[in-house]
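Here is a walk through one protein model, from its sheet to its core and its charged pairs. Keep the structure open as you read.

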Amino acid sequence: MLPLSGQFKPKRRLRRRRRDGAAIVEFAVVAPVLILILFGMIECGRMIMVQQSLATAAREGARAASLPGVTRSEARQVAEKFLVDVGVRGATVKVRQNAASVTHGEPVTVSISVPFKKVSWLRSPLFLGQSTLRSSATMRRESPE
């Protein structure tokens, strides 16, 4: 004798309900890990962007400092303006020269540092909160023509 088609439906419904509960539990276990990975990706992405901005600002400041007639404060202002334009605030910019008046061919170094806490998009950085990002660039002073 053939079974009625309606005899197996209650069992299928029961299985589906049990599986729905398993999906909720699996999501509850996996979601915190996925959220942690997401925040880590955001934090590392921001760190890479700020590090690149620091390197570019150091190069811009060193380029300005290598030109004849440009003072330390003017070179520092060039680097600080670049950082403000890209949204990096709270950085320390230092211009170092070997002598009070740098002559042709003398090296000029611009160093920039910023604590990652000041530039992070997260309220309290999870992984890189204690890090300090640094960059420097050195160029030789050009001669006036």
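Start with helix α2, residues 72-86, which lies across β1 and β2. The helix runs at about 150° to β1. Bear in mind that this is a predicted model.

Now step back to the overall plan. The protein has three helices and three strands. Along the sequence they follow the pattern α-α-β-β-α-β. Of the 145 residues, 28% are buried. Contacts reach across the sequence: among those with a separation of 6 or more, 63% join residues 24 or more positions apart.

Next, the sheet. How are the three strands ordered? They form an open sheet in the order β1-β2-β3, with antiparallel pairing. The edge strands are β1 (92-97) and β3 (132-140), and each of these pairs on one side only. Neighbouring strands of this sheet are turned by 15° against each other on average, with direction ignored.

Look at the two pairings in turn. Strand β2 covers residues 107-115 and pairs with β1 over six bridges, in the antiparallel sense. Gln-97 has Val-108 in β2 as its bridge partner. Arg-96 has Thr-109, also in β2, as its bridge partner. On the other side of the sheet order, β2 and β3 are joined by nine bridges, again antiparallel. There, Val-110 stands opposite Ala-137 in β3. In a regular strand, side chains alternate between the two faces of the sheet.

Thr-109 deserves a closer look. This residue sits in strand β2. Is Thr-109 buried or exposed? Its relative accessibility is 15%, so Thr-109 counts as buried, because the limit for buried is under 20%. The side chain of Thr-109 makes a polar contact of 2.9 Å with the side chain of Thr-138. Setting aside neighbours within four places in sequence, Thr-109 is in contact with Lys-94, Val-95 and Arg-96. Ser-136, Ala-137 and Thr-138 are also among its contacts.

Turn to the nonpolar core. Which residues touch the most other members of the largest core? Among its 22 residues, they are Val-50, Leu-54, Leu-83 and Ile-112. The elements α1, α2, β1, β2, α3 (116-119) and β3 each supply at least two residues of this core. Helix α1 gives the most, with seven residues.

Follow Ile-112 through its surroundings. Not counting residues up to four places away in sequence, Ile-112 touches Leu-54, Ala-57 and Ala-58, among others. Its contacts also include Ala-79 and Leu-83. Further partners of Ile-112 include Ala-91, Thr-92 and Val-93. Leu-133, Arg-134 and Ser-135 are touched by Ile-112 as well.

One of those partners is Ala-58. Ala-58 is in helix α1. With a relative accessibility of 0%, Ala-58 counts as buried. Beyond residues up to four places away in sequence, Ala-58 touches Val-110, Ile-112, Ser-135, Ser-136 and Ala-137. Recall that Val-110 and Ala-137 stand opposite each other in the sheet. The C-alpha atoms of Ala-58 and Leu-83 are separated by 9.5 Å, although the two residues are 25 apart along the chain.

Finally, the charged pairs. Side chains of opposite charge can pair when their charged atoms come close. How many salt bridges does a search of the whole structure find? The search finds two.

One salt bridge joins the side chains of Glu-142 and Arg-63, at 2.3 Å from N to O. Glu-142 lies in the segment after β3, whereas Arg-63 lies in helix α1 (residues 9-66), so this pair ties together parts that are 79 residues apart in sequence. Glu-142 counts as partly exposed, at 32% relative accessibility. Arg-63 also counts as partly exposed, at 38%.

The side chains of Lys-81 and Asp-85 meet in a salt bridge too, at 2.9 Å from N to O. What separates Lys-81 and Asp-85 along helix α2? They are four residues apart in the helix, so about one helical turn lies between them. Both Lys-81 and Asp-85 are exposed.

Methods
Residues are numbered from 1 along each chain as its sequence is written. This is a predicted model: local features need pLDDT of at least 70, side-chain atom pairs count only at pLDDT 80 or more; totals for chains, interfaces and linings use all residues. Side-chain values use heavy atoms; hydrogens and water are left out. Two strands pair if DSSP finds at least two bridges between them. Axes are lines fitted to C-alpha atoms, for helices over the stretch in contact, and angles run from 0 to 180 degrees between N-to-C directions. Contact means heavy atoms within 4.5 Å. Buried means under 20% relative accessible area, exposed over 50%, partly exposed in between (1.4 Å probe, protein chains only). A polar contact is a pair of N or O atoms within 3.5 Å; within protein, one must be able to donate a hydrogen and the other to accept it, and residues adjacent in sequence count only if both atoms are side-chain atoms. A salt bridge is a side-chain nitrogen of Lys or Arg within 4 Å of a carboxyl oxygen of Asp or Glu. A nonpolar core is a set of buried Ala, Val, Leu, Ile, Met, Phe, Trp, Tyr and Cys residues joined through side-chain atoms within 4.5 Å.
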